[in-house]
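User: I am new to this structure. Please walk me through its pockets, sheets and helix packing, and tell me what each term rests on.

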Amino acid sequence: MSTAKPRAWPPRTTRARATRPRPPAKQTAQIPDAIVDHYARLLDGSGIMPLIDAELGPRPGPAGVPIRAVLVCLMVSIHHSGKATLAEAWRLAAFCLSPTARERLGLDADRPPADDPHACLADNRRFYRAFDRLTSLLDPARHDRRTRLPQHEAYLLATAWDDDDPDHTRKRDLLQDIVTALVLTPARWGKGRGYMAGFGGDVGIDTTAVPVFARPPRARRSTGELIASTEITAGWHHSAGNELPEYGYSATLAVAARTRSILGSFPQLALGLVLDTPHKRIGANAITTLKPLAALGLPAAFAVVDRAYTDQQPSHFAQPARDLGYRLALDYKVDQRGVQGSAHGALLIDGSLACPLIPSSLAQATTGLDDAAIRAPSEELTALIAAREPYLLRLKQSANADGAIRFQCPAAGTSPSLTCPRFDRLHQRGPSRPTAVDLTDARQRAAHPAAKPRVLPPAPDTKSSELPKICHQHTITLHPGDLGHLDKFRQYLPYLSPSWRGTYSTVRAMTEGLNGRLKGHDLDLGDPKNRLAHGRVAQTILVALLVTVANDHFLDQWRHTRQPPDKPYTSADIFEIPAERLDRSPLTGRSRPPPVP
């Protein structure tokens, strides 16, 4: 047996050096002028610069770097690197733009000399001061955003974002108008080109966490005094399914979605954005995202939301959403399922009005069920949900100008869905004459009274004077205040029915999908290192720019995927718009070639 040791592998230093990661080259990439011009047109098309200039007004002293140039460079930085940081935006503006692009943005055609640190620092400070002018202009609570204030001082400043002061309200509204105009500009461009022709009006609304780089409030070790965060209006965002909350803001997003019944294709875009303190004004922020869609000319269909919106007061979300023409698709918590209330004798069961004599096994089919049983319903539960349908009141007339809706008793009308001895007795309707039925015809078999469920009133039945209104009348009128606070549970589709699942599950999946795309690899809304500027105004503007650039990318990707240049448009793809309203500015996105070094 040989005792020789195995020969060691010979070192191959040459190959090892060749495979080591290398630092990036010091040569700076050149940003094409087409990209800069595209985002300059996008910013100008949003119409926010006249709003900013009007609020800024004439000021003494040198003009400084134009705010428009800073915002365009921020969008170019988001497109190029995914970062909405002033440092990256200035670097691209100083060293990556051509003299022509710099001149068009109102910057000096000559770049600052890279070997002169004082000139670079001065140019950098002018760039930063331009963004500070914008944030200070729109901030209702101006303060030093680089200092951690005592908690009681920060609380007084934070009230400027919630109070009724006219000047504070005007600045908050102006900031939201700027955000809405930015986010909706790509959607308006896509609609002008006919890309939104397949959009049926279904919208998914959800809130997502926007963490910040600032630290949360804490107590000083020396004195024990509580000092606030540099983000005085930030808070802890608790997401369903996440054990640990995130410190920052909550972004309410309205997403263009579709149900299973809609076959048209359109780009999935964010149609609204509101940045706010977590768990504040949840319903009001959702309505803020929906209001501008009517002015854009988009239809209104289903508004699909999660259980956080079901808990809102009717006047905060449900009623304003219905007034805007949206039909709600809701989900419920464990203690909200089953019989929720009544109006005019009709029972409110999982958001739908039903006959008061519905069997208890059907009315209580979802009572006490946990979320797992709802997400994956058993065959027994599916059968009970299907058996509820004949007992549900039918819509007789949609809401009028006052919001009143008429519902019909399921035993009334020319084609009732069930038979009711009480209804026959009160309305003196005798038994129908026997008719011949073709047993081979499914429609005739289903229309026969013997094939319909039969209501079993108590024996002896309740006195006629004590019966509810739904039993005395063929129809009832439901006014907005008849259900009180329970009106927040009412929805258009029967809960857990196939139509409800086809609407709710599909739209919710598309909503979460867009949230995932906004927090993906190229653009990460959830990474606070991509938004280092302090203050709620700065964070709101940077998040709006991120979502705007993301919408621009989504629009461009959809165009290249669904409508290649060599494929002619069909009549179904073209949305007729007057020629004077067409926007023919070019589209650009991630499909463009990388910057030329």
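Analyst: The second largest pocket has a volume of about 820 Å³. Of its 35 lining residues, the closest to the centre are Leu395, Phe407, Arg490, Gln491 and Tyr492. This is a predicted model, where local features need pLDDT of at least 70, side-chain atom pairs count only at pLDDT 80 or more, and totals for chains, interfaces and linings use all residues. Residues are numbered from 1 along each chain as its sequence is written, and side-chain values use heavy atoms, with hydrogens and water left out.

User: What makes a space a pocket or a cavity?

Analyst: The search runs on a 1 Å grid over the protein atoms alone. A cavity is a set of points where a 1.4 Å probe fits but cannot get out. A pocket is an open set with protein on both sides within 12 Å along at least five of seven lines. Lining residues have an atom within 4 Å of a point. Grid points are joined across faces, edges and corners, and the volume is the space filled by probe spheres set on the points.

User: Which elements line the second largest pocket with two or more residues?

Analyst: They are α12 (318-323), β8 (327-329), β11, β12 (394-397) and β13 (405-408). Helix α12 gives the most, with three residues. Helices are DSSP runs of H or I with at least four residues, strands are runs of E with at least two, and both are numbered from the N terminus.

User: How do the lining residues of the second largest pocket divide by class?

Analyst: There are 17 nonpolar, 10 polar and eight charged residues. Ala, Val, Leu, Ile, Met, Phe, Trp, Tyr, Cys and Pro count as nonpolar; Asp, Glu, Lys and Arg count as charged; the others, Gly among them, count as polar.

User: What is the volume of the largest pocket, and what lines it?

Analyst: Its volume is about 940 Å³. It has 41 lining residues, and the closest to its centre are Ala240, Asp306, Arg307, Arg508 and Glu512. Helix α19 gives the most to this lining, with seven residues. The classes are 11 nonpolar, 14 polar and 16 charged.

User: How many cavities of 30 Å³ or more does the search find?

Analyst: It finds five in the whole structure. The largest cavity has a volume of about 110 Å³. Its lining has 15 residues, and the closest to the centre are Cys355, Cys409, Cys420, Ile470 and Cys471. Two elements give two or more residues: α16 (421-426) and α18 (469-472). Helix α16 gives the most, with three. By class, the lining has 14 nonpolar, no polar and one charged residues.

User: Why are β12 and β14 called edge strands?

Analyst: Start with the sheet. It is open, with three strands in the order β12-β13-β14 and antiparallel pairing. Strands β12 and β14 (475-478) each have a single partner strand, so one side of each is left without a neighbour in the sheet. The twist averages 40° from one strand to the next.

User: How do you know that β13 and β14 pair?

Analyst: Two strands pair if DSSP finds at least two bridges between them. Strands β13 and β14 have four bridges, in the antiparallel sense. Therefore they meet the cut-off. Phe407 stands opposite Ile476 in β14. Phe407 also appears among the residues closest to the centre of the second largest pocket.

User: What is the order of the sheet that holds β9?

Analyst: The order is β9-β10-β11, an open sheet of three strands with antiparallel pairing. Its edge strands are β9 (339-343) and β11 (352-354), which each pair on one side only. Its twist averages 35° from one strand to the next. Four bridges join β9 to β10, and three join β10 (residues 346-349) to β11. Leu348 of β10 stands opposite Gly341 and opposite Leu353 in β11. Two residues lie between the strands in the hairpin of β9 and β10, where His344 takes a positive phi near 55°.

User: Why is α2 called roughly perpendicular to α9?

Analyst: The axes of α2 (residues 33-46) and α9 (residues 166-192) come within 9 Å and cross at roughly 110°. Angles of 65 to 115 degrees count as roughly perpendicular, under 35 as roughly parallel, over 145 as roughly antiparallel, and the rest as oblique. The crossing angle therefore makes α2 roughly perpendicular to α9. Axes are lines fitted to C-alpha atoms, for helices over the stretch in contact, and angles run from 0 to 180 degrees between N-to-C directions. Contact means heavy atoms within 4.5 Å. Among the contact residues are His38 and Arg41 of α2 and Thr185 and Trp189 of α9. By class, this contact has six nonpolar, four polar and two charged residues.
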